[in-house]
Amino acid sequence: MAERDLPAVKGLDALTPDQRRAIMMVKEGSSEHAPIEQAIRQLFVWAIVTQSSDVHISGRGHRDSPDVFVNVRTPGGFKNFKFRYDGAAIGRHWETKMFQLTGTSQGATTPEIASTRFELELPAEFAREHGLRPFEGESLYMVDVRVEYTKTYNGFSFKCRLLDPQRAPKLHELRLSYALLRTILRALSEPSGLILVTGPTGSGKTTLLNAMLDWLNDEQKAIHTIENPVEIAIRGDGPITQVQIGGNITFKRALRSSLRQDPDIIMVAEIRDSETMEIALQAAQTGHLVLATLHTNSSFETYSRSIDLTEDKVRDAYRVAQVLKLVVAQRLIDRYEGVPTTRRLTRDEQFWLKSNGMYLGDTITEVKDGVKKGKVALLEVITTTPEIKGLLQADRVDTSAIYRAACEQDQFEPLAVAGIRAVQSFGSTMAEVVTKLEGNIDAEAHPSLRVRLSKTHGLNYVQVANAIDAYHQAADAGSDEPLSSHMDRAQVDAITEVIEAEEV
């Protein structure tokens, strides 16, 4: 059920009029406009302090007096508010004020669809009081708001994405396993090459790419990004250029221009055609590290898709094999906190597990009636080994063969397996995993190394991941102990834990 009153924000009314106006330019006073303008300010400030990602504002009903619906996507899900003005024209003031904030023309020239943005500036001390962390030395906490306006058949709609650079996570804050993090850092340490991140809209690709750029941003490398739109402003005193696509600036023109601007690192928000892929390959071949996104369903399909986007597939298969260093497929699923409960798996869940090469018995332990606490990032990562290079240069690229080769890499965790690991660590649910993650027709016949290790040693996927991490940490410290020893030790520890639990 929708609520009628927006939550109060502690300390907002205690700010001076100048501080409130600096947050968002609103009219102060007793005019009929003021309550709406103040409500909009309160709404966006509340969204920021609750670390929400999106604010939806829509007017529905009579054109002159619509009911106003506000939906805020918080870390715990949508919070919904409804305002009815009973025949008064106040509802339209929400639309008018949003037009003013975004600089959208009104009247006969008002577009039916518009993409625009505006900024919010909170005093740094006010932000700190609400648990936010302004950049060091800054007096303001700045948030960019990207807005998509649509005139609907019965009113209006504003979809507002809050782009908060202060909350952009560092690479080490993404909760990646040690094996996964070291694999990504090794690829980022290459002087040149191509790194592709894939996944559907909303899967966290931009967050991951910006975390990579942040790690690379040592003020000794020239960074050039091409985005649509620019979502996170990169900070630093080094040479940084961020280009936003729009008007006459296309991905192809911007990428070609970037090669003449002395970059070391180029980030392309999306490769969508053969010409952009050609320029990206050229850049990666000529001493640049190129980060980009591509739309595919899995990491192993990305290799064949990359070749499909080239102009000369025979010649360019060799180029792709040489420059493509790393492929990452990413998904986001909901994370919960609550009491773990064991239940029987349904037939559909058993079928999904079997089709993905996994068998968990008849039961699963997961969080029941938990509180949503943000997202879990699932990453499926493949490094381009000599074996995969050979497969790419064959007469026909066999995607299934690439998958089988990837299965032997210990950092490679198929998305479905990563999802079950999230369930076993009591971070997600089977329903979330089954509905959000696609199956893989090759997995049943050829399960990944992690699935095989789980079956051989009687471990769950959390224990397998911990053992692989321990192996890499020890190897990086100079140990020559093989992975099998770490797996055997994990098996003994698991058996000991079960015996001790039974004794208690």
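# A guided tour of the helix packings and sheets

The crossing of α9 and α10 is right-handed. To view this crossing in the predicted model, select residues 299-308 for helix α9 and residues 313-323 for helix α10. Their axes lie 9 Å apart, and the packing angle is about 135°. The two helices are therefore oblique to each other, since angles between 115 and 145 degrees fall outside the parallel, perpendicular and antiparallel classes.

Next, display the side chains at this contact. On α9, the residues to show are Ser 306, Ile 307 and Asp 308; on α10, they are Lys 313, Ala 317 and Val 320. Classified by type, the contact of α9 with α10 comprises 3 nonpolar, 1 polar and 2 charged residues.

**Second stop: helices α16 and α17**

Select residues 449-457, which form helix α16, together with residues 461-476, which form helix α17. Here the axes come within 9 Å and cross at roughly 110°. This angle makes α16 roughly perpendicular to α17. From α16, the contact involves Arg 450, Val 451, Leu 453 and Ser 454. From α17, Tyr 461, Val 464, Ala 465 and Ile 468 take part. The contact of α16 with α17 has 6 nonpolar, 1 polar and 1 charged residues by class.

**Third stop: strands β1, β2 and β3**

Centre the view on strand β2, residues 67-74. Of its 8 residues, 7 are buried, so β2 is largely enclosed by the rest of the structure.

Now add strand β1, residues 54-60, which runs antiparallel to β2 and is joined to it by 7 bridges. Ser 58 can be selected with Phe 69 of β2, which stands opposite. The hairpin of β1 and β2 has 6 residues between the strands, and within this hairpin Gly 61 adopts a positive phi near 120°.

Then extend the selection to strand β3, residues 77-83. β2 and β3 are also antiparallel, with 7 bridges between them. A hairpin of 2 residues connects β2 to β3. Thr 74 faces Gly 77 of β3.

**Fourth stop: the open sheet**

In what order do the strands of the open sheet of 7 strands stand? The order is β9-β8-β10-β11-β7-β12-β13, and the pairing is mixed. At the edges, select β9 (240-244) and β13 (363-383): each has a single partner strand, so one side of each is left without a neighbour in the sheet. From one strand to the next, the twist averages 15°.

At the β9 edge, show strand β8, residues 223-227, which pairs with β9 in the parallel sense over 5 bridges. Ile 223 has Ile 240 in β9 as its bridge partner. Helix α7, residues 251-258, packs on the sheet and touches β8, β9 and β10 (265-268). The direction of α7 makes about 175° with that of β8.

**Last stop: two residues with positive phi**

Select Gln 51, in the loop between α2 (34-49) and β1. Its phi is near 55°, a positive value in a residue other than glycine. Is Gln 51 buried, partly exposed or exposed? With a relative accessibility of 38%, Gln 51 counts as partly exposed.

Finally, select Phe 426, in the loop between α14 (415-424) and α15 (430-436). Phe 426 likewise is not a glycine, yet has a positive phi of about 60°. Its relative accessibility is 36%, so Phe 426 counts as partly exposed.

Methods. Residues numbered from 1 in each chain as written. Predicted model: local features only at pLDDT ≥ 70, side-chain atom pairs only at ≥ 80, totals over all residues. Heavy atoms only, no water. Axes fitted to C-alpha atoms, helices over the stretch in contact; angles between N-to-C directions. Helix = DSSP H or I, 4+ residues; strand = E, 2+ residues; numbered from the N terminus. Parallel < 35°, antiparallel > 145°, perpendicular 65-115°, else oblique. Left-handed = near helix turned anticlockwise from the far one by under 90°. Contact = heavy atoms within 4.5 Å. Nonpolar A, V, L, I, M, F, W, Y, C, P; charged D, E, K, R; others polar. Buried < 20%, exposed > 50% of the residue type's maximum accessible area, 1.4 Å probe, protein only. Pairing = 2+ DSSP bridges.
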